[in-house]
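Got the model open in your viewer? Switch to cartoon view and keep the selection panel handy, and we'll go round it stop by stop.

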Amino acid sequence: MDFIREDIMEKRTTPEFITSLEPNEIFVFGSNLRGMHGGGAAYIAYRKFGAIMGQGVGLQGQSYAIPTMQGGVDTIRPYVDEFIEFAKQHPDLTFLVTRIGCGIAGFTDEEISPLFEQAHEVENIVLPPNW
């Protein structure tokens, strides 16, 4: 495990930019329901971490899509809850959550971070700073 990985696990926060993954790590990104991974973290997930064009939800390659472009925060919540349950069922994987919904989708950290409150209790979920 290199210095960056030790730092991630010690602080339990994801870095601003994730450029590589260990074999057991999953890049968690904001998507749209159509799975058109054309910008932001979704594009990185598609280009580098195995996201599948046309798949807007769930595990794909070394990435996990949470849709954020379909409406308000309440429409995102069920997908976040589903993700947290998925992570609990896969303790052998470490999920590095990006600031989903806080880029192209236009939400703020204050709007999205409360959706991940339950994730703080799940050891294999690593959240952005201040979430």
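Start with the sheet. It is an open one of five strands, in the order β2-β3-β1-β4-β5, and its pairing is mixed. At the edges sit β2 and β5 (125-126), each pairing on one side only. Keep in mind along the way that this is a predicted model.

**Stop one: β1**

Select 25-31, which is β1. Is this strand enclosed or not? Seven of its seven residues are buried, so the rest of the structure largely encloses β1. Now show the side chains. In a regular strand these alternate between the two faces of the sheet. Here Glu25, Phe27, Phe29 and Ser31 point one way, while Ile26, Val28 and Gly30 point the other way, and all of them are buried.

Next, bring in the neighbours of β1. Strands of a sheet pair through backbone hydrogen bonds, either parallel or antiparallel. Add residues 94-97 to the selection: this is β4, which runs parallel to β1 and is joined to it by four bridges. To find one of the pairs, pick Ile26 and look across to Phe95, its bridge partner in β4.

Then add β3, which pairs with β1 in the parallel sense over five bridges. Two places to click: Val28, which stands opposite Tyr64, and Ser31, whose bridge partner is Pro67.

**Stop two: β3 and its hairpin**

Stay with β3 and select 63-67 alone. Five of its five residues are buried. Colour the two faces separately if you like: Ser63, Ala65 and Pro67 lie on one side, Tyr64 and Ile66 on the other, and both faces are covered.

Now extend the selection to β2, residues 58-60, which pairs with β3 in the antiparallel sense over three bridges. Gly58 has Ala65 as its bridge partner in β3, and Gln60 has Ser63. The two strands form a hairpin with two residues between them, and Gly61 in that turn has a positive phi of about 60°.

Before leaving, zoom in on Gln60 in β2. How buried is Gln60? Its relative accessible area is 2%, so Gln60 counts as buried. A polar atom of its side chain lies 3.3 Å from the backbone oxygen of Gly58. Turn on contacts and, leaving out residues up to four places away in sequence, you'll find Gln60 touching His37, Phe49, Gly50, Ala51, Ile52, Gln55 and Ala65.

**Stop three: Asn32**

Go back to β1 and step into the loop that leads to α2; Asn32 is there. Is Asn32 buried or exposed? The cut-off for buried is under 20% relative accessible area, and Asn32 comes in at 19%, so this residue counts as buried.

Show the side chain of Asn32 as sticks and follow its polar atoms. One polar atom is 2.8 Å from the backbone nitrogen of Gly35. The side chain also reaches the backbone oxygen of Met36, at 3.0 Å. Setting aside neighbours within four places in sequence, Asn32 is in contact with Gly56, Pro67 and Met69. You've met Pro67 already, as the bridge partner of Ser31.

**Stop four: the largest pocket**

Switch on a surface and look for the largest pocket, with about 610 Å³ of space. To get to its centre, select Gly40, Ala41, Thr98, Arg99 and Gly103, the closest to that point among the 31 lining residues. Which elements give two or more residues to the lining? They are β1 and α2 (40-48). Of these, α2 gives the most, with four residues. Colour the lining by class and you get 16 nonpolar, 13 polar and two charged residues.

**Last stop: Gly106**

Finish by selecting Gly106, in the loop between β4 and α4 (109-112). Buried or exposed, this glycine? At 54% relative accessibility, Gly106 counts as exposed. Apart from neighbours within four places in sequence, Gly106 is in contact with Gly101 and Glu111. For one more distance, draw a line from its C-alpha to that of Phe29 back in β1: the two residues are 77 apart along the chain, and the atoms are separated by 14 Å.

Terms used. Residues numbered from 1 in each chain as written. Predicted model: local features only at pLDDT ≥ 70, side-chain atom pairs only at ≥ 80, totals over all residues. Heavy atoms only, no water. 1 Å grid on protein atoms, 1.4 Å probe; cavity = no way out; pocket = protein on both sides within 12 Å on 5 of 7 lines; lining within 4 Å. Points joined across faces, edges and corners; volume = space filled by probe spheres on them. Nonpolar A, V, L, I, M, F, W, Y, C, P; charged D, E, K, R; others polar. Buried < 20%, exposed > 50% of the residue type's maximum accessible area, 1.4 Å probe, protein only. Pairing = 2+ DSSP bridges. Polar contact = N/O pair within 3.5 Å; in protein donor to acceptor, adjacent residues only side chain to side chain. Contact = heavy atoms within 4.5 Å.
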